[in-house]
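Here are my notes on the model you asked me to look over. They are set out as numbered points, to be read alongside the structure itself.

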Amino acid sequence: MKITLNLSPAASLRDRLALAWAVPATLLGLAALIMLGRTALQEYREYRGIQRQLSEIQVRADDLRNQETAIRRQLENPAHRELFRQVRFVNKLIDQRELSLTELSARVAGLLPDNAFLTGLALSSPKKPGEDYLVRMGISAKNEDAIETFLNDLEDAPDFKEVSIINQGFQETSTQADQVSVVCTARYLPGIDPEAGNTGAEEPTPNRQSDR
Amino acid sequence: MLMNWTRWKKRLGLEGHIHTGRFVAPTFALDLEPGFVAAARLNPSKRQVRSVGVQELPAGALVPSANKANVTDSKALRRTIAEVSERVGNVGGKLGLLIPDVAARVALLQFEALPDNPGQAETLVLWKMREYLPYAPEEARLSFQVLAKQPGSVEVLGVAVRGSVLAEYEAVMEGINGGPALVLPASVALLPLLPEEEGGQLLLHLCPGALTAVVVASNRMRYWRTRPLEGDALGNLEEVAREATRVLATCQDNLGVQVQNVWYCARPPQPADVDGALANALGRELRPLLANFVPAAGLPSEQREVFEHFGMPFAGLVANPS
């Protein structure tokens with residue numbers, strides 16, 4: 001009599017497939033492991049490169065910090081501090097020397113033609129830092145051409161800008177007969193070489209504020 | 001869409017219940033009985049027993065029972081198994097384990113129909129076997145075989161062992177060839193040796209602690225009964241004879257099976273008194289169960305004697321077509 005009985009557990013699908021899938025699963029796992037390993041190695045190399053760059057930057061920053069500390073230490077030296085004070089004093093003097101009313105008067109007088117003369121000169125200091133000095137000038141001349149020449153020269157001068165005519169008078173209002181007087185303002189830029197901007201070219205004057 | 005996780009868990013073998021497999025021919029087999037452990041190296045393809053050995057087991061080390069602990073001295077049992085395995089020469093391969101008949105429950109069941117789904121069929125067989133089991137059916141590990149199938153009638157042979165009992169045997173086998181690939185009661189392994197004749201064949205398998213009587217007719221099992229015995233057969237001679245007589249009468253009177261031959265397999269061999277008493281009680285000649293093919297032709301003489309006295313279940317394993 002043939003028997004088919006068996007009390008031993010049947011191999012489940014998992015058991016049957018376990019062996020069949022063991023090799024491909026192992027190969028897949030190995031491939032994944034190699035890929036992960038390569039990626040990890042690459043990332044590690046990049047990390048090392050960045051770390052090296054960072055170290056270099058840190059070393060350079062440390063050097064600069066050391067240099068700064070050394071310079072500060074030198075500046076805090078009493079001898080250098082005295083020198084620093086003196087330099088500041090000299091700089092202040094230079095600033096004060098930058099604007100001289102005498103020079104301004106001479107400069108304006110230098111712009112006057114022969115038949116014109118300066119009747120008044122006033123200087124206003126800037127109200128805010130960064131603003132320019134404002135010069136108010138009174139000019140008298142025998143004819144209008146001299147005034148015109150002066151104003152043109154004033155506009156062309158590099159150390160003056162924004163020339164504005166405040167008041168213009170003729171014979172009737174002038175104190176002398178056949179005299180033309182004008183009061184004008186301009187912003188003065190001390191320290192600029194008058195010769196530097198004098199190109200001699202006839203250029204328009206966009207900053208002129210009124211027609212004469 | 002909802003997934004049928006139960007089905008998948010069942011397929012993947014992740015659910016709690018253990019499904020049994022089909023017969024597999026082992027290449028190394030161990031037969032555990034109270035009093036001895038027999039081992040054999042087998043060649044199923046050539047239907048040969050290559051080597052066989054037996055080792056005495058200390059008394060009380062194995063106490064077969066259907067619902068109680070069987071292995072009382074696992075250390076001694078392991079040692080005996082190791083000794084006999086070494087003598088026989090375990091070269092690996094599939095391991096077959098033969099357990100005492102008393103540890104298993106065997107039943108012949110009748111159904112009008114059996115579901116085609118193996119899981120459902122197993123549940124139905126187990127449900128019907130519940131009256132034969134001294135424990136809850138859920139605790140049983142079941143294997144069944146359809147003996148005959150006709151319209152409106154299905155005859156099934158069911159074998160069940162309590163899971164905890166089987167776990168004891170499997171625990172003893174741990175580390176030997178990856179555990180047993182085949183587990184059977186010893187008497188089931190003898191069935192392939194019975195001749196395929198029309199008339200009834202009565203098999204009496206006398207082992208320490210039990211007498212199993214099986215009747216096969218027209219290549220179909222008709223009767224199975226395992227009678228536990230207190231002590232050895234010589235001490236229970238009267239009871240053994242009465243049991244054999246009762247089986248014979250039941251088969252003839254109730255089942256209508258005319259027993260043609262009485263096959264007798266006593267392991268270890270019994271004194272002539274026992275055999276004679278049995279023959280007298282039955283009024284029949286007792287024919288020793290021998291393999292009708294010569295599976296042990298290559299064995300040395302001392303091993304051949306061991307084979308004839310203890311190794312018939314091994315002959316049945318190689319005789320059974322897998």
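1. How many of the six residues of strand 1 of chain B are buried? The model is a predicted one, and in it six of the six are buried, so strand 1 of chain B is largely enclosed by the rest of the structure. The side chains leave the strand in two directions, with B:Phe28, B:Leu30 and B:Leu32 pointing one way and B:Ala29, B:Asp31 and B:Glu33 the other way, and all of these residues are buried.

2. The partners of strand 1 of chain B are worth following next. Strand 2 of chain B runs antiparallel to strand 1 of chain B and is joined to it by six bridges, with B:Leu32 standing opposite B:Val37 of strand 2. These two strands form a hairpin that has two residues between the strands, and B:Gly35 takes a positive phi near 105 degrees there. Strand 4 of chain B (residues 95–99) is parallel to strand 1 of chain B and is joined to it by four bridges, and in this pairing B:Leu30 stands opposite B:Leu97.

3. Helix 2 of chain B (residues 74–88) can be checked for its length. At 1.5 Å a residue, its 15 residues should span 21 Å, and the end C-alpha atoms are 21 Å apart, which agrees. The residue that follows helix 2 of chain B is B:Gly89, whose phi is positive, near 90 degrees.

4. Which residues of helix 2 of chain B are buried? They are B:Leu77, B:Thr80, B:Ile81, B:Val84, B:Ser85 and B:Val88. Seen down the axis of helix 2 of chain B, the buried residues fall within an arc of 130 degrees, so they line one face of the helix. The face turned away from this buried side carries the exposed residues B:Lys75 and B:Glu86. What covers the buried residues of helix 2 of chain B includes strand 1, strand 2 (36–43), strand 3 (48–56) and helix 4 (163–172) of chain B.

5. On the nonpolar cores, the largest one has 105 residues, and B:Val49 and B:Leu202 are those with the most contacts inside it. Strand 10 of chain B (residues 210–217) supplies the largest share of this core, seven residues. Leaving aside residues up to four places away in sequence, B:Leu202 touches nine residues that can be picked out in the model, among them B:Ala213, B:Val215, B:Val247, B:Leu248 and B:Trp263. Another core, of 20 residues, lies apart from the largest one and includes A:Leu112, A:Ala116, A:Ile147 and A:Val180.

6. The contact between the chains takes 30 residues from chain B and 15 residues from chain A. On the side of chain B that touches chain A, the elements that give two or more residues are helix 1 (5–12), strand 6 (140–150), strand 7 (153–162) and strand 8 (180–185) of chain B. Strand 8 of chain B gives the most, with five residues. By residue type, this side of chain B divides into 19 nonpolar, eight polar and three charged residues.

7. Two of the elements named for the contact, strand 6 and strand 7 of chain B, also pair with each other, since they run antiparallel and are joined by 10 bridges. In this pairing B:Ala148 stands opposite B:Glu155 of strand 7. Strand 6 and strand 7 of chain B form a hairpin with two residues between them, and B:Gly152 in the turn has a positive phi of about 85 degrees.

Notes: Residues numbered from 1 in each chain as written. Chains lettered and ligands numbered in written order. Predicted model: local features only at pLDDT ≥ 70, side-chain atom pairs only at ≥ 80, totals over all residues. Contact = placed C-beta atoms within 7 Å. Nonpolar A, V, L, I, M, F, W, Y, C, P; charged D, E, K, R; others polar. Core = buried A, V, L, I, M, F, W, Y, C linked by C-beta atoms within 7 Å. Buried ≥ 20, exposed ≤ 12 C-beta atoms within 10 Å, placed from the backbone. Expected span 1.5 Å × (residues − 1). Arc of directions from axis to C-beta. Pairing = 2+ DSSP bridges.
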